[in-house]
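Trainee: Could you take me closely through one part of this model, and then place that part within the chain as a whole?

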Amino acid sequence: MIRIIGGGLAGCEAAWQAASRGVRVTLYEMRPVRSTAVHKTDRLAELVCSNSFRGDKLDNAVGLLKEEMRRLGSLVMRAAEESRVPAGAALAVDRDRFAGSVTRTIAEHPLITVAREEVTAIPDSSARQPVIVATGPLTSAALSADIARIVGSDHLYFYDAISPIVLAETIDRARVFRQSRWNRDVRGAGCAVRGSADSPAPPSCGGDDGQGDYLNCPMTLDEYQRFYDALVHAESATVHDFDKEKFFEGCLPIEVMAHRGVDTLRFGPMKPVGLTDPRTGRQPYAAVQLRQDNLAADHFSLVGFQTQLKWAEQARVLRMIPGLEQAEFVRYGMVHRNTYVNGPMVLAETWQVRSRPSLLFAGQMSGVEGYVESAASGLLAGLNAAALATGRPVSAPPRATAIGALAYYASHADPAHYDPSNITFGIMEPLLRPPRGKLDRKVAMANRALDALGDWMQAHAESAV
Ligand SMILES: Cc1cc2nc3c(=O)[nH]c(=O)nc-3n(C[C@H](O)[C@H](O)[C@H](O)COP(=O)(O)OP(=O)(O)OC[C@H]3O[C@@H](n4cnc5c(N)ncnc54)[C@H](O)[C@@H]3O)c2cc1C
């Protein structure tokens with residue numbers, strides 16, 4: 001029997017993987033008995049911010065990670081496909097449908113019991129009765145204290161900020177244009193990666209509607225400068241109880257980016273490259289992208305616009321964006337806590353605690369960053385916990401795979417400067433003879449990864465897959 005604490009992306013994926021291998025699981029989820037500052041429902045696998053699982057092409061590391069997860073029978077990937085909404089070359093979902101699908105599947109599994117209670121201390125574990133902690137970035141205070149006791153001073157906190165969402169009908173369609181960057185749909189070059197007899201062409205290789213899935217708010221030089229000035233002078237919310245403000249580099253608030261230099265945003269979330277304004281026939285000076293946030297298409301989120309500005313300031317400054325002059329905000333951006341362990345100090349690449357192998361960490365808590373990465377670590381932790389429970393050897397896929405590279409990074413990076421990471425090709429094992437072109441290199445890495453995963457799955461057919 002396995003006990004899993006936390007019914008988020010990682011906990012649900014781990015439960016599914018273990019139960020699919022015939023192991024009984026109890027999944028503890030504290031909502032709705034006790035909620036977090038950010039979750040809104042009692043559903044399992046609730047997406048707390050963006051509805052995007054990011055890129056879905058195989059020339060993109062997170063696209064590759066998703067394909068590996070599909071081949072490993074991921075529940076999160078299956079539910080995401082079922083609830084997919086248009087998002088160009090990305091995989092975005094209707095959040096209600098997604099969480100509903102995961103919740104139903106877990107509840108209906110005969111080997112999984114869901115206990116709705118807060119776990120305040122890590123339960124005893126043993127080789128045949130392992131425990132997985134997957135309580136996420138907003139782990140409750142009591143359990144955080146117990147984790148700190150077990151992992152020691154490596155238990156850290158840092159902070160992220162989330163993007164605002166606007167009501168679609170309040171966007172001025174005369175000022176914005178619909179287009180995906182580079183007109184990229186999901187039928188492009190990334191699909192050059194091979195399938196296999198067991199896993200043919202990636203299911204992600206469908207087309208979009210051809211019109212592009214993003215609404216783009218184009219800016220002239222003057223408009224950008226006025227917006228920039230307003231942003232750097234706007235008032236931020238005071239963050240009282242934050243003992244240490246440390247943001248994840250890939251999720252910086254726009255005002256923090258703006259303070260780094262006048263062009264930082266134009267090279268970040270406001271970059272205009274790959275966009276052509278149909279009214280001028282030219283690339284705008286800067287652009288803000290809006291992405292559909294739910295299936296009904298009545299909510300759009302501002303892509304990459306995490307912010308901790310005061311809400312009134314957000315309304316004032318963001319309404320300077322062309323097309324958002326009358327925007328109504330369904331949700332404002334905000335700052336949140338992020339709790340995680342220092343992976344390289346604590347974990348092995350199987351997601352086991354080195355000093356206590358019957359205890360595993362998974363998800364954001366284990367020192368990875370992002371929905372897909374969290375689910376991926378849950379997948380592997382679930383496989384390994386199932387292996388322990390049935391007396392079989394634990395294992396991690398090779399570093400040539402995205403899922404193996406992520407596990408290796410989280411357990412072997414420099415602990416003195418550890419930052420949770422999204423998956424990138426940069427943390428995967430380099431190619432011995434890399435092709436010249438950037439795209440060819442990525443495709444070669446993806447092909448090698450899928451071959452390596454196939455070999456690993458075959459070698460561990462009994463113990464893991
Ligand atoms: C505000 C916010 C915005 C974010 N935005 C994004 C984003 O846009 N894109 C992205 O990729 N990632 C984002 N993240 C990171 C995101 O949380 C993770 O990528 C992902 O949700 C982590 O999955 P998880 O399973 O580790 O944690 P979660 O999905 O948070 O699941 C953990 C679960 O554990 C439960 N729990 C906590 N403590 C206990 C306890 N003591 N007992 C029982 N249950 C407990 C919680 O209620 C929760 O359901 C954001 C995080 C936050 C907090």
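**A close look at strand 12**

Mentor: A good place to enter is a single bridge, in which Pro218 is the partner of Ala287 in strand 12. The model is a predicted one, and what follows should be read as a description of that prediction. The bridge belongs to a longer pairing, since strand 11, residues 214-219, and strand 12 run antiparallel to one another over six bridges. Strand 12 also pairs with strand 13, residues 299-302, again in the antiparallel sense, here over three bridges, and in this second pairing Gln292 stands opposite Phe300 of strand 13.

Turning to the side chains, the general expectation is that in a regular strand they alternate between the two faces of the sheet. In strand 12, Ala286, Val288, Leu290 and Gln292 point one way, while Ala287, Gln289 and Arg291 point the other way, and all of them are buried. A residue counts as buried here if 20 or more other C-beta atoms lie within 10 Å of its own. Because seven of the seven residues of strand 12, which spans 286-292, are buried, the strand is largely enclosed by the rest of the structure.

For the wider setting, the protein chain has 12 helices and 17 strands, and of its 465 residues 51% count as buried. Among contacts between residues at least 6 apart in sequence, 75% join residues at least 24 apart.

Elsewhere in the chain, helix 2, residues 61-71, packs against helix 10, residues 371-389, at an angle of about 35°, with the two axes 10 Å apart, and the crossing is left-handed. On the helix 2 side the contact is made by Val62, Leu65, Lys66 and Met69, which meet Val372, Ala375, Ala376 and Leu379 of helix 10. By class, the residues of this contact divide into seven nonpolar, no polar and one charged.

Helix 10 leads on to the ligand, because helix 1 (9-20), strand 8 (155-162) and helix 10 each supply at least two residues of the shell around it. The largest share of that shell, three residues, comes from helix 1. Of the 36 residues around the ligand, Gly6, Gly8, Cys49, Gly136 and Gly363 come nearest, and by class the shell has 16 nonpolar, 16 polar and four charged residues.

Conventions: Residues numbered from 1 in each chain as written. Predicted model: local features only at pLDDT ≥ 70, side-chain atom pairs only at ≥ 80, totals over all residues. Axes fitted to C-alpha atoms, helices over the stretch in contact; angles between N-to-C directions. Helix = DSSP H or I, 4+ residues; strand = E, 2+ residues; numbered from the N terminus. Left-handed = near helix turned anticlockwise from the far one by under 90°. Contact = placed C-beta atoms within 7 Å. Nonpolar A, V, L, I, M, F, W, Y, C, P; charged D, E, K, R; others polar. Near = placed C-beta within 6 Å. Buried ≥ 20, exposed ≤ 12 C-beta atoms within 10 Å, placed from the backbone. Pairing = 2+ DSSP bridges.
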